[in-house]
Amino acid sequence: MARRRLGALAAVSVFAVLVLGFAVSLAVSIGEISIPVDTAAKAVANRLLGTGFALSRIQEGIIWDYRLSRALVAASAGAALALSGAILQALLRNPLAEPYVLGISAGASTGAVAVMILGFGYGVLTLSTGAFIGAVAAFLLVSLLAAGSGGGADRIILAGVAGSQLFNALTSYIVTTSANAEQARGVMFWLLGSLSGVRWPDVYLAGPVAIGGFLVCLLYARALDAFTFGTDAAAALGIPVVRVRIVLLGLTAVLTATMVSIVGSIGFVGLVIPHAARFVVGPGHGRLLPATAITGAIFMVVADIVSRVIIPQQILPIGVVTALFGAPAFAFILYKARKPV
């Protein structure tokens with residue numbers, strides 16, 4: 001029985017990876033200029049393997065320099081944000097917990113706006129660096145507020161709400177008082193999430209962070225299982241509650257801050273994807289975490305494709321697409337999970 005279960009799990013894992021690969025190949029092929037999948041594969045082979053396929057320089061540039069890097073960052077961001085949601089839902093024992101409940105997204109927005117509009121660190125700090133600094137500052141503030149008020153799960157959520165409101169207010173104040181019309185439009189597009197400026201240096205940051213975060217999550221899968229029954233139950237099972245909570249909350253902050261600094265604020269991924277994966281593989285985090293990561297990656301790649309093709313000659317902010325799909329999906333999940341009266 002155990003061998004059959006392992007075989008089924010391996011088959012599902014391979015299928016999920018193939019689906020992700022298929023989604024990435026579509027993302028590389030689909031756009032204003034349609035490129036056949038085999039042409040895209042030849043362009044990648046030319047760069048990675050040194051093959052000599054004769055291709056148009058324009059097509060090769062679009063595939064390698066623009067679409068492939070964009071798809072890989074989308075997959076990394078989707079996996080990281082979904083994992084962050086799964087961690088928070090277990091740690092805080094709250095099905096509505098997601099990365100932005102810690103105020104990280106709001107802090108990143110303020111940091112990005114400070115660089116973009118006020119010129120803080122001009123010539124030294126990039127937009128992504130400013131966003132990352134703002135995200136870390138927001139996390140530290142929320143952590144201090146939560147610790148000062150008792151440090152319980154409910155206190156962390158309340159502190160996150162307070163921090164989000166504070167940094168959102170700061171962002172609105174800066175935009176209202178200091179930005180011109182063009183800057184305000186740029187800030188609004190970034191706040192809704194954008195992959196337009198993504199290039200290979202972003203892949204080299206987002207990919208290792210997402211993979212490293214996933215591996216750390218797997219190390220704490222048993223602890224997360226224990227946390228779903230409460231901190232007292234986790235402590236009774238020998239879990240070092242305080243240390244695990246600090247490590248995993250810090251990991252969530254790093255994952256979210258890194259991805260938000262690259263792609264902007266993207267909602268619903270951390271909220272919806274863990275619930276969807278839980279419906280398929282169950283609550284055990286040994287299975288849930290891999291399923292959440294791969295589902296989040298596929299979801300973001302598909303959302304990026306939709307954002308580029310849904311309106312001809314126009315690219316929607318990817319956060320709009322995730323919200324359009326995520327809100328109805330979450331409503332459906334709530335409906336399916338309702339308790340009988």
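Of the 341 residues of the protein chain, 48% count as buried. The model is predicted. The exercises below move from the whole chain to single residues.

**Exercise 1. The fold as a whole**

Task: Give the secondary structure content of the protein chain, then decide how its radius of gyration relates to the globule rule.

Solution.
- Step 1. Count the elements. The protein chain has 14 helices and zero strands.
- Step 2. Read the order. From the N terminus on, the elements run α-α-α-α-α-α-α-α-α-α-α-α-α-α.
- Step 3. Compare the radii. The radius of gyration is 21 Å, and the globule rule gives 20 Å for 341 residues. The two values are close, so the chain is as compact as a globular protein of that length.
- Step 4. Add the extents. The C-alpha trace spans about 65 × 65 × 40 Å along its principal axes.

**Exercise 2. Contacts, surface and charge**

Task: Describe the sequence range of the contacts, the make-up of the exposed area and the placing of the charges.

Solution.
- Step 1. Take contacts between residues at least 6 apart in sequence. Of these, 74% join residues at least 24 apart.
- Step 2. Turn to the surface. The protein chain exposes about 16,700 Å². Carbon and sulfur atoms supply 69% of that area.
- Step 3. Place the charges. There are 21 positive and 11 negative charges, and their mean positions are 11 Å apart.

**Exercise 3. The largest nonpolar core**

Task: Find which residues touch the most other members of the largest nonpolar core, and which helix gives the largest share.

Solution.
- Step 1. The core holds 90 residues. Leu 20, Leu 92, Leu 102, Leu 248, Met 259, Ile 266 and Val 301 touch the most other members.
- Step 2. H3 provides the largest share of this core, with 19 residues.
- Step 3. Take Val 301 as a case. Beyond its neighbours within four places in sequence, Val 301 contacts Leu 20, Ala 23, Val 24, Ala 27, Ala 71, Ala 74 and Ala 75.

**Exercise 4. Two residues of helix H3**

Task: Place Ser 69 and Glu 60, and decide whether each is buried or exposed.

Solution.
- Step 1. Ser 69 sits in helix H3, residues 57-91. Glu 60 is also in helix H3.
- Step 2. Apply the cut-off. Buried means under 20% relative accessible area. Ser 69 has 0% relative accessibility, so Ser 69 counts as buried. Glu 60 has 16%, so Glu 60 counts as buried too.
- Step 3. List the partners, leaving out residues up to four places away in sequence. Ser 69 contacts Trp 64, Val 198, Arg 199, Trp 200 and Val 203. Glu 60 touches Ala 43, Asn 46, Arg 47, Leu 55 and Asp 65.
- Step 4. Check one pair. Glu 60 and Arg 47 are 13 residues apart along the chain, and their C-alpha atoms are separated by 9.2 Å.

**Exercise 5. Thr 258 and Val 321**

Task: For Thr 258 and Val 321, give the helix, the burial and the contacts.

Solution.
- Step 1. Thr 258 belongs to helix H11, residues 241-263. Its relative accessible area is 4%, so Thr 258 is buried.
- Step 2. Not counting residues up to four places away in sequence, Thr 258 touches Phe 132, Leu 205 and Val 209. Thr 258 and Val 209 lie 49 residues apart in sequence, with 7.8 Å between their C-alpha atoms.
- Step 3. Val 321 belongs to helix H14, residues 318-336. At 2% relative accessibility, Val 321 counts as buried.
- Step 4. Neighbours within four places aside, Val 321 contacts Ala 303, Val 306, Ser 307 and Leu 316.
- Step 5. Take a pair separated in sequence. Val 321 and Ser 76 are 245 residues apart, and their C-alpha atoms are 17 Å apart in space.

**Exercise 6. Positive phi values**

Task: Locate Arg 93 and Phe 268, give their phi values, and classify their exposure.

Solution.
- Step 1. Recall the background. Most residues other than glycine have a negative phi.
- Step 2. Arg 93 has a positive phi near 50°. Arg 93 lies in the loop between H3 and helix H4 (104-118).
- Step 3. Phe 268 has a positive phi near 75°. Phe 268 lies in the loop between H11 and helix H12 (269-281).
- Step 4. Classify exposure. Exposed means over 50% relative accessible area. Arg 93 has 52%, so Arg 93 counts as exposed. Phe 268 has 26%, so Phe 268 counts as partly exposed.

Note on methods: Residues are numbered from 1 along each chain as its sequence is written. This is a predicted model: local features need pLDDT of at least 70, side-chain atom pairs count only at pLDDT 80 or more; totals for chains, interfaces and linings use all residues. Side-chain values use heavy atoms; hydrogens and water are left out. Helices (H or I, at least four residues) and strands (E, at least two) are DSSP runs, numbered from the N terminus. The radius of gyration is taken over C-alpha atoms; the globule rule is 2.2 Å times the number of residues to the power 0.38. Buried means under 20% relative accessible area, exposed over 50%, partly exposed in between (1.4 Å probe, protein chains only). Contact means heavy atoms within 4.5 Å. Accessible areas come from the Shrake-Rupley method with a 1.4 Å probe; for residues, only the protein chains shown count as cover. Lys and Arg count as positive and Asp and Glu as negative; His and the chain ends are not counted. The place of a charge is taken as NZ of Lys, CZ of Arg, CG of Asp or CD of Glu. A nonpolar core is a set of buried Ala, Val, Leu, Ile, Met, Phe, Trp, Tyr and Cys residues joined through side-chain atoms within 4.5 Å.
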